[in-house]
Amino acid sequence: MIRCRRLLAAFVLLAAALPAQAEDAASQKLSDGFDGSGFAETGGLYYRNNAEQKAGTATFQSAVKKVGTGALELSVRPLCRPDSEGCSERAEIWEKTELRVPYDRGVWFGFAVKLADPIPQDDHRYLIAQWKREIGPDAEGDFSPFLALRLDNGRLFATIESNYQPGTPAEVKDGIPTCPAGQTAVWLRPEANQMRSLIAHDARWRSQDDTNGFDSCTDKVTLTSHGNPLPTPDSGWIDFAIYSHPGPDGTGHIELFANGRWIVTAKGFVGHKDHGLGENQYFKFGPYRAAGEGVWTLYYDDFRRSPDCIDVLRDAEACALVQ
């Protein structure tokens with residue numbers, strides 16, 4: 001009887017500790033300036049070694065940096081056959097699994113990135129950072145990142161992914177798909193149960209050439225523009241501060257800052273809620289492309305993550321404005 005009571009007590013303590021562990025992960029403050037010869041313990045990051053990452057290399061170096069004494073150089077080289085589908089070339093840095101934040105919690109991420117020459121100018125799939133939901137073994141389907149920073153045709157842009165909901169065709173004005181006030185340009189993909197909303201882009205974006213399928217409109221994601229485009233890819237170091245709070249039921253909230261400038265606030269349906277998806281969100285950064293040519297290199301510096309805006313944005317006045 002005493003042994004049974006002890007076992008029951010241990011089980012209760014373990015059950016109580018599980019949500020506490022998730023809570024602790026969300027409250028932890030992480031940072032890594034990539035100034036040493038490996039990842040800092042304070043950053044909670046690692047380079048994932050798997051088949052997709054065989055095309056990539058990660059180098060701690062000091063020749064190109066934004067702050068401190070070093071930065072991380074991430075490169076991908078051709079590995080996939082040019083005609084292959086579903087093959088990718090990656091050199092991505094991941095958060096450690098035990099430090100992932102629950103999907104229903106909001107958290108701030110910050111990092112600086114510099115695109116090395118030559119910057120790809122073709123119409124292709126390039127990502128420099130992405131936020132995803134864990135995918136369990138019972139999940140079925142394709143689940144793109146619920147938030148991503150992307151490059152295409154030499155332009156920088158940001159997207160939100162969520163489950164498919166019907167939209168309306170954009171009105172074409174002077175050859176440019178245009179959405180009415182209160183609606184957001186979206187690429188509808190009912191066959192994948194997904195829709196991809198365009199939430200920000202750089203000043204060189206030409207809608208008639210760079211629509212990338214964003215030819216419909218949705219009221220399921222609403223944007224508040226703060227009058228600043230994203231920096232152009234060739235502008236040097238770009239320091240991002242991003243608030244990530246997915247909400248596939250319509251409660252999602254994204255804040256995007258670049259180089260201290262408030263770019264956009266996005267609210268609404270953010271992320272997926274399909275059967276088999278996990279309880280946590282996770283962040284990874286680094287070059288990711290479909291089968292490509294040549295070497296593509298990015299530099300990263302000054303990673304930080306915190307539940308508190310000030311630790312990432314480092315601007316008390318701006319943090320006070322974010323709701």
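This briefing covers the nonpolar cores, one cavity, and the surroundings of Ser-144 and Glu-161. The model is predicted. The largest nonpolar core holds 50 residues, and the count of cavities of 30 Å³ or more comes to one. Ser-144 belongs to the lining of that cavity and is in contact with Glu-161.

**Nonpolar cores**

- In soluble globular proteins, nonpolar side chains tend to be buried together.
- Within the largest core, the residues that touch the most other members are Phe-111, Trp-131, Leu-149, Phe-240, Leu-256, Phe-285 and Tyr-300.
- Strand β8 (residues 107-115) supplies five residues, the largest share of this core.
- Apart from this core lies another, of eleven residues, which includes Tyr-243, Phe-257, Trp-262 and Val-322.
- Not counting residues up to four places away in sequence, Phe-285 touches Phe-34, Leu-45, Leu-72, Leu-74, Ala-91, Glu-92, Ile-93, Ile-128, Ala-129, Tyr-300 and Phe-303.

**The cavity**

- Rolling a probe the size of a water molecule over the atoms shows where empty space is left.
- The largest cavity has a volume of about 30 Å³.
- Its lining consists of Lys-132, Arg-133, Ile-135, Phe-143, Ser-144, His-272 and Leu-277.
- Strand β9 gives three residues, the largest share of this lining.
- By residue type, the lining divides into three nonpolar, two polar and two charged.

**Ser-144**

- Ser-144 sits in the loop between β9 (126-135) and β10 (147-152).
- Its relative accessible area is 11%, so Ser-144 counts as buried, the cut-off being under 20%.
- Leaving aside neighbours within four places in sequence, Ser-144 is in contact with Lys-132, Glu-161, Arg-189, Gln-194, Arg-196 and His-272.
- Among these contacts, Lys-132 and His-272 also appear in the cavity lining.
- The side chain of Ser-144 makes a polar contact with that of Arg-196, at 3.3 Å.

**Glu-161**

- Glu-161 lies in strand β11 (residues 155-163).
- Glu-161 is buried because its relative accessibility is 0%, against a cut-off of under 20%.
- The side chains of Glu-161 and Arg-196 make a polar contact at 2.7 Å.
- Beyond neighbours within four places in sequence, the contacts of Glu-161 include Ser-144, Pro-145, Phe-146, Arg-150 and Arg-189.
- Gln-194, Met-195, Arg-196, Val-270, Gly-271 and His-272 are also in contact with Glu-161.
- The side chain of Arg-196 thus has polar contacts with the side chains of both Ser-144 and Glu-161.

Terms used:
Residues are numbered from 1 along each chain as its sequence is written. This is a predicted model: local features need pLDDT of at least 70, side-chain atom pairs count only at pLDDT 80 or more; totals for chains, interfaces and linings use all residues. Side-chain values use heavy atoms; hydrogens and water are left out. A nonpolar core is a set of buried Ala, Val, Leu, Ile, Met, Phe, Trp, Tyr and Cys residues joined through side-chain atoms within 4.5 Å. Buried means under 20% relative accessible area, exposed over 50%, partly exposed in between (1.4 Å probe, protein chains only). Helices (H or I, at least four residues) and strands (E, at least two) are DSSP runs, numbered from the N terminus. Contact means heavy atoms within 4.5 Å. A polar contact is a pair of N or O atoms within 3.5 Å; within protein, one must be able to donate a hydrogen and the other to accept it, and residues adjacent in sequence count only if both atoms are side-chain atoms. On a 1 Å grid over the protein atoms alone, a cavity is a set of points where a 1.4 Å probe fits but cannot get out, and a pocket is an open set with protein on both sides within 12 Å along at least five of seven lines; lining residues have an atom within 4 Å of a point. Grid points are joined across faces, edges and corners, and a volume is the space filled by probe spheres set on the points. Ala, Val, Leu, Ile, Met, Phe, Trp, Tyr, Cys and Pro count as nonpolar, Asp, Glu, Lys and Arg as charged, and the others, Gly among them, as polar.
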